[in-house]
Amino acid sequence: MIVDFHMHLPGGHMFERWTTAQFLKMMDDSGIDAGVIFTIDGFFTENYVESNNLLYNQTSECPSRLIPFCSVNPRQGQLAVEETRRSLSELGMKGIKFHPWLQGFSPLQFNIMDPICELAIEFDVPIIFHDGTPPYSAPLQIGFLASRFPQCKMILGHGGLFDMWQEAVIAVNRNENLSVCLCGTAPQAIFSKIVSSVEPDRLLFGTDAGFGKDNYMPRYRVDEVLKMPLKESTKEGMLYKNAYRLLKMADQAK
Ligand SMILES: [Zn+2]
């Protein structure tokens with residue numbers, strides 16, 4: 001069983017639009033059973049109502065496998081708060097995805113971040129952040145925000161990418177509410193170091209499926225992780241059990 005905690009639905013602005021059937025076929029070809037899915041074009045258009053609606057409509061075609069997270073730009077202030085509430089309540093989105101580096105805000109702008117973190121607590125949904133590219137997406141910046149909201153479940157979406165994995169480990173170990181998604185993270189030796197440096201229940205796996213044109217990449221990432229010499233319980237946690245727990249879908253993990 002593999003739950004991919006980091007996928008994107010290309011929506012037709014910057015990236016060629018995929019149908020839901022195409023996306024599901026890619027998941028089948030890659031061995032991905034279900035996954036958390038975000039916008040990608042939304043980060044370039046600022047029209048979050050449109051991108052959240054598109055994501056909602058397409059994931060509604062297969063809700064058992066496609067788990068949508070909404071996106072907003074906190075710089076839009078009250079508009080962003082209202083769109084987050086609409087996405088979580090009316091559309092039933094299961095979490096929130098931010099890309100501070102592309103969206104041009106800092107996770108430490110508390111005046112705009114606090115109301116959204118409070119909404120995530122109210123709806124008991126996780127917030128996943130792109131991380132690994134300063135400025136604005138350094139793991140310790142996100143860790144600091146996590147420390148201000150211990151009840152808010154937060155996730156580093158990339159484990160520091162290539163350059164900031166040590167910082168990602170520090171951020172996760174400092175904050176019990178922070179998990180790390182190993183997606184696009186540095187090659188195997190570093191990947192293994194992260195896995196052995198944090199509690200196993202904080203590990204998630206992701207492929208960035210849907211981002212970029214390399215259709216072989218999700219399959220490659222899945223094959224890579226399946227071949228790694230990890231304890232079975234660690235692998236199970238990373239590949240689906242921890243995801244189900246964060247998403248409150250615990251029954252399916254049995
Ligand atoms: Zn991504």
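## Cavities, pockets and the zinc site

Helix α10 supplies the largest share of the lining of the largest cavity, 3 residues (helices, H or I of at least four residues, and strands, E of at least two, are DSSP runs numbered from the N terminus). The model is predicted, so that local features need pLDDT of at least 70 and side-chain atom pairs count only at pLDDT 80 or more, while totals for chains, interfaces and linings use all residues. Residues are numbered from 1 along each chain as its sequence is written, and side-chain values use heavy atoms, with hydrogens and water left out.

The structure holds 2 cavities of 30 Å³ or more (on a 1 Å grid over the protein atoms alone, a cavity is a set of points where a 1.4 Å probe fits but cannot get out, a pocket is an open set with protein on both sides within 12 Å along at least five of seven lines, and lining residues have an atom within 4 Å of a point). A volume of about 50 Å³ is found for the largest cavity (the space filled by probe spheres set on the points, which are joined across faces, edges and corners). Its lining consists of Thr185, Ala186, Pro187, Gln188, Phe191, Phe205, Arg221, Glu224, Val225 and Met228. Two or more of these residues come from each of α9 (188–197) and α10. By class, 6 are nonpolar, 2 polar and 2 charged (Ala, Val, Leu, Ile, Met, Phe, Trp, Tyr, Cys and Pro count as nonpolar, Asp, Glu, Lys and Arg as charged, and the others, Gly among them, as polar).

For the second largest cavity, the volume is about 30 Å³. This cavity is lined by Leu9, Thr20, Phe23, Ile37, Leu55, Gln58, Thr59 and Leu66. Helices α1 and α3 (48–59) are the elements that contribute two or more residues to this lining, and α3 gives the most, with 3 residues. The lining of the second largest cavity contains 5 nonpolar and 3 polar residues, and no charged residue.

Among the open sites, the largest pocket encloses about 350 Å³ of space. It is lined by 15 residues, of which Trp18, Gln22, Met26, Lys213 and Asn215 are the closest to the pocket centre. Helix α1 (residues 20–30) provides the largest share of this lining, 5 residues. In terms of class, the lining of the largest pocket comprises 4 nonpolar, 5 polar and 6 charged residues.

The second largest pocket has about 280 Å³ of volume. Gly184, Thr207, Asp208, Phe211 and Met217 are the closest to its centre among the 19 residues that line this pocket. Helix α10, which also heads the lining of the largest cavity, gives the most to the lining of the second largest pocket, with 3 residues. The classes in the lining of the second largest pocket are 8 nonpolar, 7 polar and 4 charged.

Asp208, which belongs to the lining of the second largest pocket, also takes part in metal binding through OD: the zinc ion is coordinated by His6 (NE2), His8 (NE2) and Asp208 (OD), at 2.1 Å. Donors are N, O and S atoms within 2.8 Å of the metal (3.2 Å for Na, K and Ca), and sites may look incomplete without water among the atoms. The spacing of the zinc donor residues in sequence is H-x1-H-x199-D. Distant parts of the chain are thereby linked: His6 stands in strand β1 (residues 3–9) and Asp208 in the loop between β8 (203–205) and α10 (216–227), 202 residues apart. His6 and Asp208 are both buried (under 20% relative accessible area, with exposed over 50% and partly exposed in between, for a 1.4 Å probe and protein chains only).

Thr39 is located in strand β2 (residues 34–39). With a relative accessibility of 6%, Thr39 counts as buried. Its side chain comes to 3.5 Å from the backbone nitrogen of Asp41. A polar atom of the Thr39 side chain also lies 2.8 Å from the backbone nitrogen of Gly42.

Thr45 belongs to helix α2 (residues 42–45). Thr45 is classed as partly exposed because its relative accessibility is 27%. Thr45 and Gln103 are separated by 58 residues in sequence and by 9.8 Å in space, C-alpha to C-alpha.

Conventions
A polar contact is a pair of N or O atoms within 3.5 Å; within protein, one must be able to donate a hydrogen and the other to accept it, and residues adjacent in sequence count only if both atoms are side-chain atoms.
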